[in-house]
Number of protein chains: 2
Amino acid sequence: MRDLYHEELDGLSDKLVEMTRLVRSAMARAVTALLDADLRLSEEVISADEHVNKIDAEIEETVFDLMARQQPVAGDLRTLITALQMSKDLERMGDLAVHIAKTARRRHPDSAVPPELQAVVLEMGQIAERMIAKTGSVIAARDVEMGLELDEDDNAMDRLHRKLFDILLSPKWKHGVEPAVDITLAGRYFERFADHAVHVAENVVYMVTGQRPAEIIDP
Amino acid sequence: MRDLYHEELDGLSDKLVEMTRLVRSAMARAVTALLDADLRLSEEVISADEHVNKIDAEIEETVFDLMARQQPVAGDLRTLITALQMSKDLERMGDLAVHIAKTARRRHPDSAVPPELQAVVLEMGQIAERMIAKTGSVIAARDVEMGLELDEDDNAMDRLHRKLFDILLSPKWKHGVEPAVDITLAGRYFERFADHAVHVAENVVYMVTGQRPAEIIDP
């Protein structure tokens with residue numbers, strides 16, 4: 001049987017997984033809100049973020065408390081510090097979903113996404129969702145291999161991000177400056193979301209192996 | 001006389017201050033590069049960022065090492081964890097200066113900033129520089145009062161950010177989509193830079209007082 005201390009460490013992992021579940025739901029709804037100009041959905045995403053922030057604060061409190069009471073060493077110490085960093089990344093990913101929802105809300109009842117960009121934005125949203133889903137599995141299963149896979153998703157996101165700019169900056173673009181500004185920001189939010197997912201996965205790899213991913217792939 | 005452990009704690013603070021000095025220099029040069037379309041200066045900023053990343057990695061190593069060896073409690077524990085978080089914020093601020101420098105480089109020999117936006121961008125750059133300079137003082141002197149002041153600078157940055165969009169989206173805008181995209185991204189970089197400065201200052205307040213700024217201002 002595990003002692004209370006190790007149960008509390010497991011509890012941290014559960015809370016991180018719960019954050020990924022909430023962020024995934026937020027991102028999925030934010031993308032739909034953006035593509036369908038759905039005001040109700042954007043409001044939902046914006047108000048649900050409080051819950052993510054609350055779990056982040058709880059994790060911070062638990063980490064400080066466990067560190068002070070248990071004086072952990074080596075592996076457990078690494079687990080606590082990386083949990084804190086993952087929590088900050090996930091909290092930020094929640095914020096980015098909110099930013100996307102706010103972009104949708106700002107242009108409502110119009111859509112912020114012109115027709116020729118709908119497919120790219122949809123695909124960026126799908127990759128973002130896949131990445132946060134994988135992040136949850138990586139944390140729950142301490143799955144180093146899947147953690148390293150997230151780099152490929154990030155590359156796919158970067159390619160779509162470039163495609164977005166190609167369309168925006170093509171001579172055929174006829175929507176003017178305002179939609180271009182919205183899409184530039186939304187593209188940036190997706191790209192940062194992917195960066196944070198990679199960062200969380202890197203921290204899982206570090207937590208489990210004690211090595212940074214670069215040392216594993218290219219020692 | 002202080003013991004070795006407390007000398008190492010002081011060393012962390014020195015390294016954080018050194019990071020603020022490097023980031024301040026990077027931001028100052030990035031803004032000049034952006035306004036003057038100065039390619040050499042942008043290259044300098046881009047290559048100098050390695051130094052900031054190196055100090056961040058050193059701080060992380062020292063924090064893990066001190067935690068494992070010294071099993072710090074209460075105040076010292078808080079100092080170590082907040083040092084780690086500040087280091088991450090400062091590292092990210094260095095990246096944002098690099099992003100601004102890259103915007104300048106991408107448009108060279110043209111300027112990425114149309115004439116009617118030069119004044120606003122210059123002012124955003126000055127506020128960014130002032131904020132990172134203050135951040136350095138706040139860390140060096142553990143100055144809670146100045147730390148709380150950074151919120152006002154952040155508000156000034158937000159006002160300029162809105163002004164930037166007002167100009168971009170005005171019917172008088174005649175520069176088309178490409179400069180609008182550049183300026184949208186640059187504006188976002190400045191705004192995030194300011195957010196990170198506030199976050200560092202908040203962590204200093206927390207380190208010194210054990211309270212989050214919101215609890216001090218609005219207990």
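**Figure 1. Arg142 in the loop between H4 and H5, chain B and chain A.** In this predicted model, Arg142(B) is partly exposed, with a relative accessible area of 41%. Its phi is positive, about 45°, although Arg142(B) is not a glycine. The residue sits in the loop between H4 and helix H5 (144–168) of chain B. In chain A, Arg142(A) also has a positive phi, here about 50°, and is not a glycine. Arg142(A) is found in the loop between H4 and helix H5 (144–168) of chain A. Its relative accessible area is 42%, so Arg142(A) counts as partly exposed.

**Figure 2. Cis peptide bonds before Pro109(A) and Pro109(B).** His108(A) and Pro109(A) are joined by a cis peptide bond, with omega at about 5°. Pro109(A) belongs to the loop between helix H3 (74–107) and helix H4 (115–141) of chain A. In chain B, the bond from His108(B) to Pro109(B) is cis, and omega is near 5°. Pro109(B) is placed in the loop between H3 and helix H4 (115–141) of chain B.

**Figure 3. The pairing of chain A with chain B.** A 180° rotation with 0.0 Å of shift along its axis superposes chain A on chain B, at an RMSD of 0.0 Å. This is the relation of a two-fold axis. Both copies use the same surface: 100% of the contact residues of chain A recur in chain B. In the interface, 31 residues of chain A are in contact with 31 residues of chain B. Together the two chains bury about 2,700 Å². Carbon and sulfur atoms account for 68% of that area. Phe64(A), Val177(A) and Arg188(A) provide 21% of the area that chain A buries against chain B, more than any other three residues. Zero salt bridges are found across this interface.

**Figure 4. A buried glutamate, Glu91(B), without a salt bridge.** Glu91(B) is part of helix H3 (residues 74–107) of chain B. The residue is buried but has no salt bridge. Arg92(B) offers the nearest side chain of opposite charge, 6.0 Å away. A salt bridge would need a side-chain nitrogen of Lys or Arg within 4 Å of a carboxyl oxygen. Apart from neighbours within four places in sequence, Glu91(B) is in contact with Met19(B), Val52(B), Asn53(B) and Asp56(B).

**Figure 5. A salt bridge within helix H2 of chain A: Arg69(A) and Asp65(A).** The two side chains meet at 2.9 Å, N to O. Both residues lie in helix H2 (residues 39–70) of chain A. They are four residues apart, about one turn of the helix. Arg69(A) is partly exposed, at 44% relative accessible area. Asp65(A) is also partly exposed, at 34% relative accessibility.

**Figure 6. A salt bridge between helices H5 and H4 of chain A: Asp153(A) and Arg130(A).** The closest N and O atoms of the pair are 2.8 Å apart. Asp153(A) lies in helix H5 and Arg130(A) in helix H4, so the bridge ties together parts that are 23 residues apart in sequence. Asp153(A) is buried, with a relative accessible area of 5%. Arg130(A) is partly exposed, at 40%.

**Figure 7. A salt bridge between helices H1 and H2 of chain B: Arg29(B) and Glu44(B).** The closest N and O atoms of Arg29(B) and Glu44(B) are 2.8 Å apart. Arg29(B) is in helix H1 (residues 4–36) and Glu44(B) in helix H2 (residues 39–70), so the pair ties together parts that are 15 residues apart in sequence. Arg29(B) is partly exposed, at 22% relative accessibility. Glu44(B) is partly exposed too, at 27%.

**Figure 8. A salt-bridge network in chain A.** Arg106(A), Arg107(A), Glu178(A) and Asp182(A) are joined into one network by salt bridges that share partners. Over all chains, the count comes to 40 salt bridges.

**Figure 9. Two stretches of chain A listed by UniProt as "domain: PhoU".** The unreviewed entry gives residues 16–103 and 121–204 of chain A. Residues 16–103 are 94% helix and 0% strand. The end C-alpha atoms of that stretch are 27 Å apart. Residues 121–204 are 88% helix and 0% strand. Here the end C-alpha atoms are 29 Å apart.

Notes:
Residues are numbered from 1 along each chain as its sequence is written. Chains are lettered from A and ligands numbered from 1 in the order in which they are written. This is a predicted model: local features need pLDDT of at least 70, side-chain atom pairs count only at pLDDT 80 or more; totals for chains, interfaces and linings use all residues. Side-chain values use heavy atoms; hydrogens and water are left out. UniProt positions are given in the numbering used here, feature names are shortened, and annotations may be inferred rather than shown by experiment. Helices (H or I, at least four residues) and strands (E, at least two) are DSSP runs, numbered from the N terminus. Buried means under 20% relative accessible area, exposed over 50%, partly exposed in between (1.4 Å probe, protein chains only). Lys and Arg count as positive and Asp and Glu as negative; His and the chain ends are not counted. Contact means heavy atoms within 4.5 Å. Copies are superposed by least squares on the C-alpha atoms of residues with pLDDT of at least 70 in both. Buried area is the accessible area (1.4 Å probe) that two parts lose on being put together, summed over both.
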